[in-house]
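Q: Please take a close look at a single part of this model. Start with one strand and its pairing, then work outward to whatever touches the same residues. Keep it brisk.

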Amino acid sequence: MESLWRQRVQIERRPALKGEIEAEAVVVGAGMAGILTAWFLERAGIRTVVLEAKRIGGGQTQNTTAKITSQHGLFYADLIKEKGEEKAGLYAQANEEAIRMYRQIVEEKKISCSFCDVEAYLYSCEGKENLQKEEAAAKQLGIRAALKQKSSLPFPVEGLLCFKGQAEFEPLSFIKALAEELEIYEDSQVLSVEGDQGFTRYGKVRAENFIFATHYPSVRLPGCYFMRLHQERSYCLALQQKMPFEGMYYGIDKDGISLRGFENYLILGGGSHRTGENPEGGQYQRLKEFAGKWWPESPIVAAWSAQDCISADKLPYIGRYAGNRPGWYAATGFKKWGMTSSMIAARLITDLIQGKKNPYEEVFAPQRFSLMPAGANILKEGFHAVKGLIKNKEGLRCPHMGCGLVWNPEENTYDCPCHGSRFDRDGRLLDNPAQKGIVIE
């Protein structure tokens, strides 16, 4: 199933890497984070090549709802409590800056990607108490947020919190424009990195810096990201409408629905669950029932799913990959907010490679660790991995770390409940961290 973005935008193919080349930096992954990072590095005068296992924008970028927002659900009140006001404020500031930088790039390069300034809303059909707390926290951190009474939603809500100065766009047109300026090799999966050399099936590249922007880091050691990340799936429908839908909405209730407009389309999102934990299916059906109830005359024109990588403390891991790997950098754990996180990653990693001080380095550093709540969540991830290793003894196993795979009837895939790798019914790899498919007998 193709997303609305993939239906509308085609990006010219690039050749695979063959032979040997040299660069100052190699970006592994040509999604939003990888393309932006390479673009900023090139602008800084650092010769950069991008290696992509499949196609430009062919991973999670093509499946995003493409909200460029500092509004990240019910988040800031908890963030202040867990990280303190200073770090929470830096996180908020980094995301606000990311919105402004997208706007600046679109304007400077005159990119036609349906970029528009919109308001982003949190809404609840059950009450407003949590929204009141979030409003206070957002204002404390300098974000323009205010409770509202009226919405453009067709159903009644009990609470509505508006974030000003947010944006939305069409993501593939945006990275297509930036990719035109970059040296990119498709069908060039990085099989290993040894010293200052990265190896693909038909070639290799020598560079001082390697940036892993592959959604989920493929290298297990060092870094141990498999102990600090889990993945979740969610589902989207696009409805064709007669009139544009204004604003972006995120439901905070259990089974809440996300909504945003795009031209004469309405995109609905929801049904989030941990990858490998959807044995009964039904997520698309729930979205279809919701759409049929409130927009009965709007036909469904696209249906697709996305996968989100979530860190132990809910903040992205952006920065140095591991203490004993100088020149390696990671960008992962973006949760459901990949657009602003990609921009933060690109600017932060570019600064690190140039030896510049970046005010957000400590907030997003992959080496950070606090006993609570991250420690408890790391133990929880370990429990899931052990359970996955024990489960399904005689069945199919994930080539990443040997966890038992679970059949997902929603999408006819084999999913790994440990680390989120996915395979189609014929065993072909769909989502990492696994690096190869499985054999279906």
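A: Strand β18 (residues 317–320) runs antiparallel to β19, and 4 bridges join the two. Within this pairing, Gly319 stands opposite Ala330 of β19. Everything here comes from a predicted model.

β19 covers residues 328–332. This strand has a second partner. Strand β12 (residues 209–212) pairs with β19 in the parallel sense, over 3 bridges. There, Phe210 stands opposite Trp328. So much for the backbone.

Now the side chains. In a regular strand they alternate between the two faces of the sheet. In β19, Trp328, Ala330 and Thr332 point one way. Tyr329 and Ala331 point the other way. Which side is covered? Both are: the residues pointing either way are buried. The count for the strand says it again, with 5 of its 5 residues buried.

Trp328 deserves a longer stop. Its relative accessible area is 7%, so Trp328 is buried under the 20% cut-off. The ring of Trp328 pairs with the ring of Tyr321. Which geometry does this pair have? A pair of aromatic rings is described by the distance of the centres and the angle of the planes. For Tyr321 and Trp328, the centres are 5.4 Å apart and the planes stand at 85°. Planes over 60 degrees apart count as edge-to-face, so that is the label for this pair. Tyr321 has 0% relative accessibility and therefore counts as buried too.

Trp328 has a charged companion as well. The charged end of Arg325 sits over the Trp328 ring, 5.3 Å from its centre. A similar arrangement involves Tyr225: the charged end of Arg228 sits over that ring, 4.5 Å from its centre. Tyr225 and Tyr321 are both among the members of a nonpolar core of 25 residues. Val193 and Phe212 are also among them.

Apart from that core lies the largest one, with 86 residues. Which residues have the most contacts inside it? They are Leu36, Tyr76, Tyr102, Ile105, Phe169 and Phe174. Helix α4 (residues 85–109) gives the most to this core, with 11 residues.

Take Leu36 as a probe of the packing. Beyond its neighbours within four places in sequence, Leu36 is in contact with Tyr102, Ile105, Phe174 and Leu178. Its contacts also include Ser342, Met343 and Ala346. The last three residues fall within helix α8 (residues 338–354).

That brings us back to the chain after β19. The loop between β19 and α8 holds Lys335. Its phi is near 55°, a positive value in a residue other than glycine. Is Lys335 buried or partly exposed? With a relative accessible area of 22%, Lys335 is partly exposed. Another non-glycine residue with positive phi is Glu263, near 50°. Glu263 is found in the loop between β15 (258–262) and β16 (265–274). At 40% relative accessible area, Glu263 is also partly exposed.

Then comes α8 itself. This helix has 17 residues and reaches 24 Å from its first C-alpha to its last. That is close to the 24 Å expected at 1.5 Å a residue. α8 is mostly covered, with 15 of its 17 residues buried. Just after the helix, Gly355 takes a positive phi of about 80°.

Finally, set the Tyr321 and Trp328 pair in its wider context. The structure holds 25 aromatic pairs. Another of them joins Phe75 and Tyr76, with centres 5.7 Å apart and planes at 75°, so this pair is edge-to-face as well. Both Phe75 and Tyr76 are buried.

Rings also gather in a cluster. Tyr121, Tyr123, Phe155, Phe245, Tyr249, Phe290, Trp294 and Trp295 form one. Strand pairing gives some of that cluster a frame. Strand β5 (residues 116–124) pairs with strand β7 (residues 159–168) in the antiparallel sense, over 8 bridges. The bridge partner of Tyr123 in β7 is Leu160. β5 also pairs with strand β14 (residues 248–251), in the parallel sense over 4 bridges. There, Ala120 stands opposite Met248.

Key: Residues numbered from 1 in each chain as written. Predicted model: local features only at pLDDT ≥ 70, side-chain atom pairs only at ≥ 80, totals over all residues. Heavy atoms only, no water. Phe/Tyr/Trp six-rings, centres within 6.5 Å; stacked < 30°, edge-to-face > 60°. Buried < 20%, exposed > 50% of the residue type's maximum accessible area, 1.4 Å probe, protein only. Lys NZ or Arg CZ within 6 Å of the ring centre and 35° of its normal. Core = buried A, V, L, I, M, F, W, Y, C linked by side-chain atoms within 4.5 Å. Contact = heavy atoms within 4.5 Å. Expected span 1.5 Å × (residues − 1). Pairing = 2+ DSSP bridges.
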